[in-house]
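Open the model in a viewer with a cartoon view and selection by residue number. The stops below go from a pocket to the sheet and helices around it, then to a cavity.

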Amino acid sequence: RDRRQGLCERRSAGHRRGRGGAGPGREPELRHLPAAVQKVLDLEPQIARLAEQFSGKHHALFLGRGLHYPIALEGALKLKEISYIHAEGYPAGEMKHGPIALIDENMPVVVLAGKNGVYDKILGNIEEVKARGGVVIAVVTEGDTEIAKRVTEAIPIPAPRTASGRFVRASSRNFPASPRYPHPRRYWNRPRIMPIPAAANP
């Protein structure tokens, strides 16, 4: 009983520090979710039109930077599962190392282009795709008119909000610390290729 009480007290303290998942500090964010989800569901006519427009394509490329890269991988996976065509997710920063050679008017490129710390770099990636004659479908932050001028099609989605109502940026600083990842910034920004220990070098 004392152990359970101590655990509850620690979790309560975590909520007060903003580390408790869906604690009191998260309630305004959770209340924002139904409206945000409904806005995405309202995009169905636009998505259906795009699906019809690109139904004859046999290849697709999904690009994302930082935290958007895993989402690009998942998007490519879902397209494979539902349409049985070749789709590949790739980090936008490494697009020049292979995928750019395959881009043409027959390969639509889906770019995750939310407003975050790498927004300007994503704009550069979009220009590179267009220079190859590629068709760009950009998933953008709602209200972003800059990218809409540069892409074939823009799909706006709501930006997440903090408890104060401000928009947040997709960055590791927005991830609270946890026992498993006490330093979320170090975890999310860690290098993908680990250095070889000195003892392993011949």
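Which element gives the largest share of the lining of the second largest pocket? Select helix α4, residues 68–83: α4 supplies 7 residues of that lining, the largest share. Keep in mind throughout that this is a predicted model.

**The second largest pocket**

Stay at this pocket, which holds about 900 Å³ of space. Its lining has 26 residues, and those closest to the centre are Ile47, Phe62, Leu79, Val110 and Ile155. Show these five as sticks to mark the middle of the pocket. Then colour by element: α3, β1, α4, β3, β4 and β5 each contribute at least two lining residues. By residue class, the lining consists of 20 nonpolar, 4 polar and 2 charged residues.

**The sheet**

Next, select the strands. They form an open sheet of 5 strands in the order β2-β1-β3-β4-β5, and the pairing is parallel. At the edges are β2 (86–91) and β5 (153–157), each of which pairs on one side only. From one strand to the next, the twist averages 20°.

Zoom in on the β5 edge. Strand β4, residues 135–141, runs parallel to β5 and is joined to it by 5 bridges. To find one bridge pair, select valine 139 and its partner in β5, isoleucine 155. Isoleucine 155 has already appeared on this tour, among the residues closest to the centre of the second largest pocket.

**Two helices across the sheet**

Select helix α3, residues 44–53. This helix lies across β4 and β5, and runs at about 150° to β5. Now return to α4: this helix lies across β1 (59–64), β2 and β3 (108–113), and its angle to β2 is about 175°.

**The cavity**

For the last stop, turn to enclosed space. How many cavities of 30 Å³ or more are there? The count is 1. The largest cavity has a volume of about 40 Å³. Select Ala60, Leu61, His86, Glu88, Pro99, Leu102 and Met107, which line the largest cavity. Strands β1 and β2 are the elements that give two or more residues to this lining. The lining of the largest cavity divides into 5 nonpolar residues, 1 polar and 1 charged.

To finish, show both linings together. β1 is among the elements that supply at least two residues to the pocket lining, and β1 also gives two or more residues to the lining of the largest cavity.

Terms used: Residues are numbered from 1 along each chain as its sequence is written. This is a predicted model: local features need pLDDT of at least 70, side-chain atom pairs count only at pLDDT 80 or more; totals for chains, interfaces and linings use all residues. Side-chain values use heavy atoms; hydrogens and water are left out. Two strands pair if DSSP finds at least two bridges between them. Helices (H or I, at least four residues) and strands (E, at least two) are DSSP runs, numbered from the N terminus. Axes are lines fitted to C-alpha atoms, for helices over the stretch in contact, and angles run from 0 to 180 degrees between N-to-C directions. Contact means heavy atoms within 4.5 Å. On a 1 Å grid over the protein atoms alone, a cavity is a set of points where a 1.4 Å probe fits but cannot get out, and a pocket is an open set with protein on both sides within 12 Å along at least five of seven lines; lining residues have an atom within 4 Å of a point. Grid points are joined across faces, edges and corners, and a volume is the space filled by probe spheres set on the points. Ala, Val, Leu, Ile, Met, Phe, Trp, Tyr, Cys and Pro count as nonpolar, Asp, Glu, Lys and Arg as charged, and the others, Gly among them, as polar.
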